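Work through the exercises below with the sequence and the model open. Each task is followed by a solution in steps.

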Amino acid sequence: MKVLGINSSPREESNVRIALEAALEAAEAKGAETEIIDINALAISPCQADNYCKEHDSECALHDEMDDIYKKIEEADGIILGTPIYFFDITAQAKTVIDRLYCYFMNEKYSELFSNKKVAIIATNGGAPVEAFEGSLKTQMVAFETLGFQTGDILVLGDNNIPGAIKEKEDQLGKAKALGENLL
């Protein structure tokens, strides 16, 4: 079993990356092989809406570092998207990756492949009330569901504006570990 963590935070000592690590450690303890991708460090262009993928069995016309992510998603059994909430929404990095998954949209072969894969989301935020961005997180989960994925937990870990703050929050790290265990 493989679990892929996608970290969309641009910060060093990112709270969401720390939470992802906790979730993946719990998955590893249950026997999963895990990996984290830090997408901020990658060159990933936004979707160009050219529909090339619709005529080429979900192959994207763009060939950049997203090509490796496609392969890892296709090979993974579970995916955890990690995103901080900076201004009432997921990061631009996370949205770019999700938009690039459009190439899989309406392809029965991939819908069937993804039907055995589960997606969860871990979000960290500073001070905004959850109600301010909860709809956005649900929308992202619906995007994965539309592609055929099984939906897992959406975990919001608040009061984490300062990089590394979550390290002192055993209750939040415990919730991240439970998410990692529940993904299997």
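**Exercise 1.** Which residues in H1 meet which residues in H7?

Solution. The model is predicted. Start on the H1 side: Ile18, Ala19, Ala22, Ala23, Ala26 and Ala27 make the contact. Their partners in H7 are Leu173, Ala176, Lys177, Leu179, Gly180 and Glu181. Next, sort the contact residues by character: nine are nonpolar, one is polar and two are charged.

**Exercise 2.** Describe how H1 and H7 are arranged, and explain why the pair is classed as it is.

Solution. First, locate the helices: H1 covers residues 15-29 and H7 covers residues 170-182. Their axes lie 7 Å apart, at an angle of about 45 degrees. Angles from 35 up to 65 degrees fall in the oblique class, so H1 and H7 are oblique to each other. Finally, the handedness: H1 crosses H7 in a right-handed sense.

**Exercise 3.** Find the cavities of 30 Å³ or more in the whole structure and characterise the lining.

Solution. The search returns one such cavity. The volume of the largest cavity is about 100 Å³. Its lining has 15 residues, and those nearest the centre are Cys47, Gln48, Asp50, Cys53 and Cys60. Helix H2 (52-55) and helix H4 (92-100) each contribute at least two lining residues. By character, the lining holds ten nonpolar, two polar and three charged residues.

Key: Residues are numbered from 1 along each chain as its sequence is written. This is a predicted model: local features need pLDDT of at least 70, side-chain atom pairs count only at pLDDT 80 or more; totals for chains, interfaces and linings use all residues. Side-chain values use heavy atoms; hydrogens and water are left out. On a 1 Å grid over the protein atoms alone, a cavity is a set of points where a 1.4 Å probe fits but cannot get out, and a pocket is an open set with protein on both sides within 12 Å along at least five of seven lines; lining residues have an atom within 4 Å of a point. Grid points are joined across faces, edges and corners, and a volume is the space filled by probe spheres set on the points. Helices (H or I, at least four residues) and strands (E, at least two) are DSSP runs, numbered from the N terminus. Ala, Val, Leu, Ile, Met, Phe, Trp, Tyr, Cys and Pro count as nonpolar, Asp, Glu, Lys and Arg as charged, and the others, Gly among them, as polar. Axes are lines fitted to C-alpha atoms, for helices over the stretch in contact, and angles run from 0 to 180 degrees between N-to-C directions. Angles under 35 degrees count as roughly parallel, over 145 as roughly antiparallel, 65 to 115 as roughly perpendicular and the rest as oblique. A crossing is left-handed if the near helix is turned anticlockwise from the far one by less than a right angle, and right-handed if clockwise. Contact means heavy atoms within 4.5 Å.
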